[in-house]
Amino acid sequence: MGEQTGAKHICAGLLAHVDAGKTTLSEALLYCAGALRRLGRVDHGDAFLDTHSLERARGITIFSKQARLTVGDTELTLLDTPGHVDFSTETERTLRVLDYAILVVSATDGVQAHTKTLWELLRRYQVPTIIFVNKTDLPGLGAEGVMENLHRNLSSGCVSFSREREAVFEEAALCDEAALEEYLGTGRLREETLRSLISREKLFPCFFGSALKLEGIEAFLRGLDCLTEAPSYPEAFAARVYKIARDPQGNRITYLKVTGGALRVRSALSYCRRNGEPVEEKVKELRLYSGARFTQTEEAGPGEICGVLGLSGTWPGQGLGAEPQGPAPVLEPVMTFRLELPPETDPARLLPRLLELSEEDPQLHIAWDTRLREIQVRLMGRVQTEVLSALIRERFGVEVSFGAGRILYRETIAQAVEGVGHYEPLRHYAEVHLLLEPLPRGAGLVFDTACSEDQLDRNWQRLILTHLEEKTHLGVLTGSPIGDMKITLVSGRAHLKHTEGGDFRQATYRAVRQGLMQARSILLEPYYRVRLTVPLPQAGRAQSDLRTMGAEPDQEVQGDLAVLTGRVPVAALGDYAAQVAAYTRGLGRLSCLPDGYEPCRNQEAVVEALGYDPEGDLENTPDSVFCAHGAGFAVKWRDVPRYMHLEPALKVRPAPPPAPSRGPSQEELEKIMEREFGPIRRPLYGAPRAAPPERPAMEAPRGKEYLIVDGYNVLFAWDGLQDLAKEDLEAARERLMDILSNYSAYTHREVVLVFDGYKVRGSRGERFLRNNLLVVYTRENETADAYIEALAGSIGKNDRVWVATSDSLIQLSAFRSGLLRISARELQDQIQRAGADMAAYLKHLDNTQKIKEQEERKKEWSRILSRLHLPSEPC
């Protein structure tokens with residue numbers, strides 16, 4: 001490959017699963033580029049980028065560091081990131097400042113579970129990626145096996161560049177139509193084309209080599225030089241903070257990347273602290289680090305990674321200047337630990353010092369729990385607890401330990417609700433109305449405003465949003481943090497004279513809690529994505545264990561090993577890693593990665609065990625404070641709507657309309673009843689009964705009415721069907737089909753019953769008619785909500801479409817599509833009412849038939865008796 005003309009500056013990150021040889025590769029790159037005079041080694045404890053004593057002692061990267069080197073016309077800043085899963089949050093923070101990523105894959109192990117997580121993060125943050133396959137000097141999968149592994153687990157755009165140029169051009173051309181046309185026309189691809197494909201994440205070059213033996217390193221460096229291109233930056237100053245640290249002298253260093261303009265020493269920076277407080281501070285010093293050493297500079301230009309002294313309130317992920325704030329992190333701890341202190345240590349004195357660590361790693365969430373009266377820390381795993389203990393001992397001289405980890409649950413809500421907070425002690429005033437709405441899993445918390453500035457000034461609205469963002473809001477089931485929710489400011493009121501900023505803080509906090517107290521809350525438990533490697537003879541036990549935990553494992557055979565992958569609730573996993581080591585005699589390996597949250601399987605038991613009292617949590621009260629006769633008084637959360645000063649913004653939606661008035665014929669009803677209850681038996685005699693009242697007249701809807709039913713949700717929401725499904729799922733489905741078929745015939749609604757086949761491996765989907773009912777089984781990887789949304793889009797505009805489900809995700813999807821929604825319980829009530837109407841109508845028809853038969857019988861008796869000259873009435 002040739003070289004680009006003109007110097008450029010590139011920031012590239014090194015990422016890998018643990019033991020892939022990432023730090024060894026960084027040594028090889030620095031050595032071959034002339035930045036190091038001699039090679040260091042991880043096992044010798046002298047690697048250039050393992051600058052901390054804890055890293056040298058453990059032989060793993062714990063903190064991200066940078067090194068500077070020059071390759072051809074490229075000035076390269078190399079960011080080395082941790083490979084161990086316990087420190088993956090540090091890796092994620094670094095991704096936001098990368099121009100390119102170098103993903104290291106071991107030729108002996110192939111793609112691991114953590115490799116997939118890193119790949120997904122790189123795609124989320126849109127970082128172009130170049131792959132280096134390391135350890136090719138050891139027995140392994142071989143070049144073809146590795147490429148097949150990369151194609152299967154990462155992307156079909158992975159192309160080996162350790163081959164002849166013609167083969168590279170041919171395979172790379174398949175990644176893009178325009179590139180294919182260029183290749184077919186010229187027989188080659190220009191370097192500009194290759195660089196464009198890489199930057200657009202359509203092509204992922206793969207280089208092979210051995211970092212330890214310096215094999216393939218020169219070719220890889222040439223590839224970094226000619227296959228990368230510098231981003232374009234705006235003239236206005238902008239920067240992204242990715243790390244906070246302290247040097248040996250205790251100076252606070254803000255590590256950032258300049259993404260626009262330039263940053264100069266003694267220049268003033270205006271920004272806001274985490275609590276929204278605006279601040280302006282001067283840059284005291286700019287440092288360009290390479291390993292543990294640094295040089296001072298007067299100016300950092302666009303694309304530069306530098307350490308800034310003089311900023312006291314910055315945090316990782318923050319945008320400065322014209323740079324917008326970054327998204328919330330994906331990887332978060334799922335366990336919380338109690339920090340156990342020596343008897344002579346005062347928690348009140350140690351906590352402010354520990355908050356320095358929370359500044360450096362916000363995911364730690366070091367905090368004092370007033371209810372349990374203990375310091376709590378959120379951590380990814382046991383290795384992180386050991387490192388944090390050593391760090392506290394080294395920095396603060398305190399020996400600490402950690403108690404047993406507790407699962408970090410989360411809470412969300414099932415339906416939209418309006419929360420109201422009012423704060424009006426004497427000479428204070430604020431009222432806030434918030435709309436709380438559920439979001440899909442993994443969406444986190446989203447804050448917005450829909451309040452008119454005529455009602456509430458813009459500055460007050462911004463302050464309310466700041467108060468929403470600054471606090472970890474707790475749910476009302478277990479006191480766990482809330483998530484997967486959108487909170488919108490819909491209305492508010494201030495007083496011209498008496499309102500202060502703190503008043504809206506109190507009103508906002510109380511509005512969130514008051515809304516949660518009204519809503520139906522859902523407890524979410526964390527899941528791990530597990531990868532379990534065991535010898536083939538133990539594969540059966542491993543499969544059984546994972547299924548017992550609630551997983552649906554996939555299995556792959558690699559030589560004499562079985563590799564099982566799946567999702568497991570964190571609560572079910574326990575000490576399974578120790579069990580694996582025992583029953584495989586040390587040959588098995590279990591790796592776990594956080595993989596989101598799902599509804600808790602045993603919510604009632606967990607809530608009861610934790611025993612959280614939401615009304616007794618005085619620091620998170622749902623009650624409000626109103627004022628009368630010159631004094632403030634407390635109002636319980638349930639009574640706030642009677643006292644609030646503003647009208648509610650959330651209007652109650654009308655109930656679903658009754659069934660249309662056009663009734664079925666007698667023959668249709670008889671067929672339904674015979675199918676449901678067996679043949680109709682009519683006695684010859686019976687006293688005539690009064691006809692039932694006329695069926696109420698109902699307004700016929702325009703067009704047709706469609707009812708789309710979320711099959712499995714309804715199946716497990718109805719009492720009778722739920723019990724039947726536990727014994728015989730097929731029988732429960734058949735029973736549900738019969739019920740809905742009868743309901744469709746009676747109401748003349750078009751009913752579609754959808755069963756979700758998203759997780760059914762190999763399912764091709766199925767559609768069939770059951771009497772007058774359309775039954776649909778979706779394909780593998782096709783969710784019910786996606787099918788329902790597509791189906792609704794194909795129905796006429798003048799038709800009314802109802803979706804019956806209690807699944808919040810499908811209800812939200814239906815809401816966004818403009819569909820009408822009813823819960824599974826409401827549908828059951830409608831069907832029961834329809835059944836009662838059917839029974840009453842049939843009874844009326846039956847009585848009519850009996851009267852008719854009795855009259856015929858009387859006539860027959862009259863004829864007989866008249867011939868005998870007897871009275872006309874039978875004896």
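Strand 18 and strand 22 (residues 406-407) come together in the antiparallel sense, with 2 bridges between them. In this predicted model, Met335 sits opposite Ile407 of strand 22. That is just part of what strand 18 gets up to. Strand 18, which spans residues 335-340, also pairs with strand 20 (residues 374-379), again antiparallel, over 4 bridges. Here Thr336 has Arg378 of strand 20 as its bridge partner. Then there is strand 21 (residues 401-402), which runs antiparallel to strand 18 and is joined to it by 2 bridges. On this side of the story, Glu340 finds its bridge partner in Ser401 of strand 21.

Away from these strands, a bit of greasy surface turns up. Leu174, Leu180 and Leu184 make a nonpolar patch there, and together they offer about 320 Å² of accessible area. Leu180 belongs to helix 7, which covers residues 177-186. Is Leu180 buried, partly exposed or exposed? Its relative accessibility is 31%, so Leu180 counts as partly exposed, given that buried means under 20% and exposed means over 50%.

Zooming out to the whole chain, there are 25 helices and 39 strands to keep track of. The chain runs to 875 residues, and 50% of them count as buried. As for who touches whom, take the contacts between residues at least 6 apart in sequence: 71% of these join residues at least 24 apart. The accessible surface of the chain adds up to about 42100 Å², with carbon and sulfur atoms holding 50% of that area.

Technical notes. Residues are numbered from 1 along each chain as its sequence is written. This is a predicted model: local features need pLDDT of at least 70, side-chain atom pairs count only at pLDDT 80 or more; totals for chains, interfaces and linings use all residues. Side-chain values use heavy atoms; hydrogens and water are left out. Patches are made of residues with over 30% relative accessible area and no salt bridge: like charges are joined within 9 Å, nonpolar side chains (Val, Leu, Ile, Met, Phe, Trp, Tyr) within 5 Å. Accessible areas come from the Shrake-Rupley method with a 1.4 Å probe; for residues, only the protein chains shown count as cover. A salt bridge is a side-chain nitrogen of Lys or Arg within 4 Å of a carboxyl oxygen of Asp or Glu. Buried means under 20% relative accessible area, exposed over 50%, partly exposed in between (1.4 Å probe, protein chains only). Two strands pair if DSSP finds at least two bridges between them. Contact means heavy atoms within 4.5 Å.
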